[in-house]
Amino acid sequence: MNPSSDLVNKLWRLCAMLRKDGITYQQYVTELTYLLFLKMASEQKDESRIPERYRWRALLAASETDVLQRYRQALVDLGDPAKTPDKSIVAIFQNAATIVRVPANLRRLIDAIDGLQWFSEDRDAFGDAYEGLLQKMAEETKRGAGQYFTPRVLIKVMVDLMQPQVGEVIQDPAVGTGGFLIAANEHMKARTDDYFGLRSEQATFQLRDAFRAVENVPDTYRLLLMNLHLHKMDPVRIDLGDTLSPMGSAPAFKNADLILTNPPFGPAGGPPTRDDFTITDRASSYQLPFVEHCIRALRLGGRAAVVVPDNILFDDGKGKDLRRMLMNRCDLHTVLRLPTGIFYAPGVKTNVLFFTRSDEEAPTEDATKAVWIYDMRSGAPAYGKTRPINPDDFARFVEAYGDDPDGGATRTDEGEDGRFRRFTRAALAARGDNLDISWLKDTSADPEDGLETPEEIATAIEMHLANAMVEVRALIDELDDGAPVELLEAAE
């Protein structure tokens with residue numbers, strides 16, 4: 001076991017002391033965000049931005065009767081821009097509040113964290129541990145886990161194939177905890193001599209302006225900021241807000257060189273409020289509008305890799321119109337059909353769309369000449385918590401994709417017995433532009449066969465009901481404006 005994994009397991013076991021108080025896993029990781037920030041600053045001897053009475057040693061030395069009150073006040077003051085001038089610290093502690101109610105529990109938690117062997121003073125080591133905690137939370141929190149945590153193995157594959165370059169604007173419009181941005185940054189660091197020694201103007205752009213992102217859940221936004229901080233990233237264009245609102249069409253989110261994202265699935269809180277959406281302006285689910293955003297946000301010649309649920313491939317109405325918009329304005333060169341179970345939730349069927357924006361200023365007809373589809377789902381193992389997906393599982397796809405991020409490498413159609421096939425635009429048009437294409441017999445196990453606990457079964461049922469509601473809403477979206485009110489009400 002590597003030091004990072006060992007540290008994650010030890011940190012995770014500390015959760016047991018708070019579970020009796022009804023603390024959820026996300027609340028626990030959020031609490032650790034505050035404590036690990038203070039601990040990290042102490043380990044790295046970088047506490048100048050933190051008032052002395054709130055530094056790690058001060059909390060460690062506080063009596064059991066005083067420690068909780070001091071800690072509560074620290075959260076308030078560190079999140080107050082009038083008392084803490086450092087904007088990055090304020091952003092992490094903004095509106096922070098502890099869920100610990102018993103001083104003895106906080107005392108034990110602080111002592112336990114202090115007693116851990118922090119194996120390195122390198123901030124990346126803290127980042128690796130924090131990433132591990134986020135993954136643990138996704139594994140343990142089945143409800144909605146796939147919506148906010150993308151497996152880091154999949155992220156690395158997508159990033160490596162897209163080959164982010166120094167100087168490019170890289171965007172994630174549904175950033176979650178920041179996995180794509182961090183992986184893109186690591187990819188560039190590994191391939192750039194003296195990454196942090198770039199000329200001053202390059203370094204400023206790369207470390208502060210290159211990354212653009214939006215997250216709309218405040219607690220997840222806090223985890224995101226902490227994760228970026230621990231990975232030595234301090235971008236200024238990371239916003240708390242809604243990509244599907246007018247902020248998503250702001251200049252900062254246009255003309256991206258590269259978009260990497262896993263948008264949320266399921267019903268939205270309401271239709272998009274963007275004036276520039278022409279296909280999905282009335283859609284009441286997340287997945288369709290986010291794809292339209294990606295098309296519009298790319299610069300001419302820009303590229304994207306986007307995780308989408310299966311219905312994006314086959315929905316009629318707005319779904320079909322969106323696919324046609326995508327294939328007309330972009331070269332949708334590759335679709336990767338992912339196996340189920342990799343998002344730590346049963347029955348989630350997803351794909352990755354790889355596409356490049358046309359160089360033409362005006363929308364063109366059939367920028368997509370052919371779509372290559374790789375079936376990684378049929379006959380796949382039953383992935384999940386006990387059988388996580390690993391890099392070797394993607395090796396054949398990576399080889400078949402080739403070394404051109406725009407899908408232009410020499411490829412081989414493997415025929416009906418293989419996993420990689422080419423479908424011309426004409427063939428797709430004959431199918432009504434339905435991209436839900438299967439040719440291999442699927443002998444893979446149903447991931448729901450292994451469900452055992454009432455919580456797992458209930459979560460699976462909930463997901464099926466939510467997906468059914470998305471389909472009902474999609475049907476209603478296709479009705480004209482004169483649809484009977486009672487029908488609309490019945491579908492809510």
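The legends below describe four close-up views of a predicted model.

**View 1. The largest cavity and the residues around it.** A search of the whole structure finds two cavities of 30 Å³ or more, and this view is centred on the largest cavity, whose volume is about 40 Å³. Its lining is made up of Ile312, Leu313, Leu322, Arg323, Leu326, Leu332, Leu353 and Leu435. When these residues are sorted by character, seven are nonpolar, none is polar and one is charged. Two helices, H15 (311-314) and H16 (318-329), each supply at least two residues of this lining, and the largest share, three residues, comes from H16.

**View 2. The second largest cavity and its lining.** The second largest cavity holds about 30 Å³ of space. Around this space lie Gly248, Ser249, Phe253, Lys254, Arg274, His293, Arg296 and Ala297, which together form the lining of the second largest cavity. The residues of this lining divide into two nonpolar, three polar and three charged, whereas the lining of the largest cavity has seven nonpolar residues, no polar residue and one charged residue.

**View 3. Cys294 and Cys330, two cysteines without a disulfide.** A search for disulfides across the whole structure returns zero, and this view shows the reason for Cys294: its sulfur is 9.6 Å from the closest cysteine sulfur, which belongs to Cys330, and this is too far for a bond. A disulfide would need the two sulfur atoms to be within 2.5 Å. Seen from the other side of the pair, Cys330 is likewise in no disulfide, and the nearest cysteine sulfur to it is that of Cys294, 9.6 Å away. Cys294 is buried, with a relative accessible area of 0%, and Cys330 is also buried, with a relative accessible area of 0%.

**View 4. Asn311 in helix H15 and its contact with Gln287.** Asn311 is found in helix H15, the helix that spans 311-314 and that supplies at least two residues to the lining of the largest cavity shown in View 1. With a relative accessibility of 7%, Asn311 counts as buried, because the term applies to residues under 20% relative accessible area. The side chain of Asn311 makes a polar contact with the side chain of Gln287, at a distance of 3.2 Å.

Methods:
Residues numbered from 1 in each chain as written. Predicted model: local features only at pLDDT ≥ 70, side-chain atom pairs only at ≥ 80, totals over all residues. Heavy atoms only, no water. Buried < 20%, exposed > 50% of the residue type's maximum accessible area, 1.4 Å probe, protein only. 1 Å grid on protein atoms, 1.4 Å probe; cavity = no way out; pocket = protein on both sides within 12 Å on 5 of 7 lines; lining within 4 Å. Points joined across faces, edges and corners; volume = space filled by probe spheres on them. Helix = DSSP H or I, 4+ residues; strand = E, 2+ residues; numbered from the N terminus. Nonpolar A, V, L, I, M, F, W, Y, C, P; charged D, E, K, R; others polar. Polar contact = N/O pair within 3.5 Å; in protein donor to acceptor, adjacent residues only side chain to side chain.
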